Amino acid sequence: MNKVYLNGRFVPAEQACVPITDRGLLFGDSVYEVIPAYGGQPFRLEQHLARLRRSLAAIRMEDPLDDTRWRAIIGELCTNAEADDLSIYIQITRGTYRTRVHRIPSTIESTVIAFASPITARDPRIAEQGIIAITLADIRWARCDIKATTLLPNVLAQAEALESGVDDAIFLRDGQALEGTASNLFIVLDGLLITPPNSEHLLPGITRDLVLELAHDTGIAYAEAAITENELRRAEEIWLTSSTREIAPVVQLDDQAVGDGRPGPCWHHMDSLFQTAKEHIRLAARPTSR
Ligand code: PDD
């Protein structure tokens with residue numbers, strides 16, 4: 001890994017250390033962001049920074065850096081990376097205190113971490129064959145709209161999916177389908193594209209918003225509406241969206257094929273719109289030749 005950002009400095013990854021009393025480590029007292037960059041150009045940066053500030057406010061923290069400083073750090077991580085397509089990880093913990101106490105100390109300085117990792121290009125088999133998911137009971141807390149690092153239920157759900165020989169899991173709560181373990185949920189039902197409305201039970205995804213924008217701009221009929229378990233099982237198409245997975249078509253849910261068991265026509269259409277949006281970012285990043 002190239003140099004990483006830690007509390008105001010870029011340092012080699014192996015030298016980037018956080019004290020054992022950091023509250024991020026002890027309590028999961030921290031929030032994070034994952035920002036994709038294509039051709040070295042961050043994608044939807046403004047929206048990601050806005051969500052970061054929203055998460056910070058929700059856990060009673062101020063943003064330790066201003067917009068200009070965030071952009072400079074992210075720009076530097078992109079410039080120094082070896083790959084063109086990156087995921088920029090940012091984490092802000094409440095900081096390090098001298099001892100372990102639950103109460104939030106009145107004087108504490110946040111710990112800020114940022115680093116870039118290459119995004120591996122999508123496996124072509126995903127577009128051809130799709131992915132398989134299971135449904136699982138949502139055992140997460142009631143503020144899933146905060147991008148908090150306390151991801152143990154998500155990690156365990158992923159583990160259960162992999163143990164069952166499938167790719168991912170979709171969370172069900174009170175008879176409603178909410179989102180994936182690290183992605184938002186879309187279905188196509190009776191020709192209508194549907195995603196659950198933003199609420200405290202799911203993350204307000206940046207890719208989700210882009211998909212809705214693309215649907216709006218190209219006249220695809222869509223709705224932000226609750227998806228019941230029954231509707232999920234009747235869906236013609238199911239997609240999972242995220243900054244790192246883009247739009248993944250689910251072709252089998254539990255033991256049942258979704259539609260005809262292959263990525264559907266709406267997914268193909270939306271995926272091509274999404275790939276075009278990505279390509280625009282890459283072209284904008286390239287220096288113009290005369
Ligand atoms: N996760 N829902 C959850 C629970 C997520 O963790 C994510 C993304 C999303 C999709 O959000 P976005 O489109 O803004 O990436 C929805 C990131 C990628 C992660 O934890 O690595």
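**A tour of aromatic pairs and a buried aspartate**

In this predicted model, the structure holds 6 aromatic pairs. Begin by selecting Tyr38 and Phe43, whose rings form one of these pairs in an edge-to-face arrangement, with 5.3 Å from centre to centre and 65 degrees between the planes. The pair counts as edge-to-face because the angle of 65 degrees lies over the limit of 60 that applies to this class.

With the two residues still selected, switch on the surface and ask: are Tyr38 and Phe43 buried or exposed? Tyr38 has a relative accessible area of 2% and is therefore buried, and Phe43, at 8% relative accessibility, counts as buried as well.

Next, select Tyr32, Tyr89 and Phe115, which together form one aromatic cluster.

From the aromatic rings, move to Asp29, which you will find in the loop between helix 1 (23–27) and strand 3 (30–38). Although Asp29 sits in a loop, its relative accessible area is 9%, so this residue is buried, the cut-off being under 20%.

Which residues does Asp29 touch, leaving aside those up to four places away in sequence? Select Arg23, Gly24, Ile59, Ile92, Thr93 and Arg94 to display these contacts around Asp29. Within this set, Thr93 deserves a separate look: Thr93 is 64 residues apart from Asp29 along the chain, yet the C-alpha atoms of the two are separated by 5.9 Å.

Finally, show the side chains of Asp29 and Arg94, between which there is a polar contact at 2.8 Å.

Conventions:
Residues numbered from 1 in each chain as written. Predicted model: local features only at pLDDT ≥ 70, side-chain atom pairs only at ≥ 80, totals over all residues. Heavy atoms only, no water. Helix = DSSP H or I, 4+ residues; strand = E, 2+ residues; numbered from the N terminus. Buried < 20%, exposed > 50% of the residue type's maximum accessible area, 1.4 Å probe, protein only. Contact = heavy atoms within 4.5 Å. Polar contact = N/O pair within 3.5 Å; in protein donor to acceptor, adjacent residues only side chain to side chain. Phe/Tyr/Trp six-rings, centres within 6.5 Å; stacked < 30°, edge-to-face > 60°.
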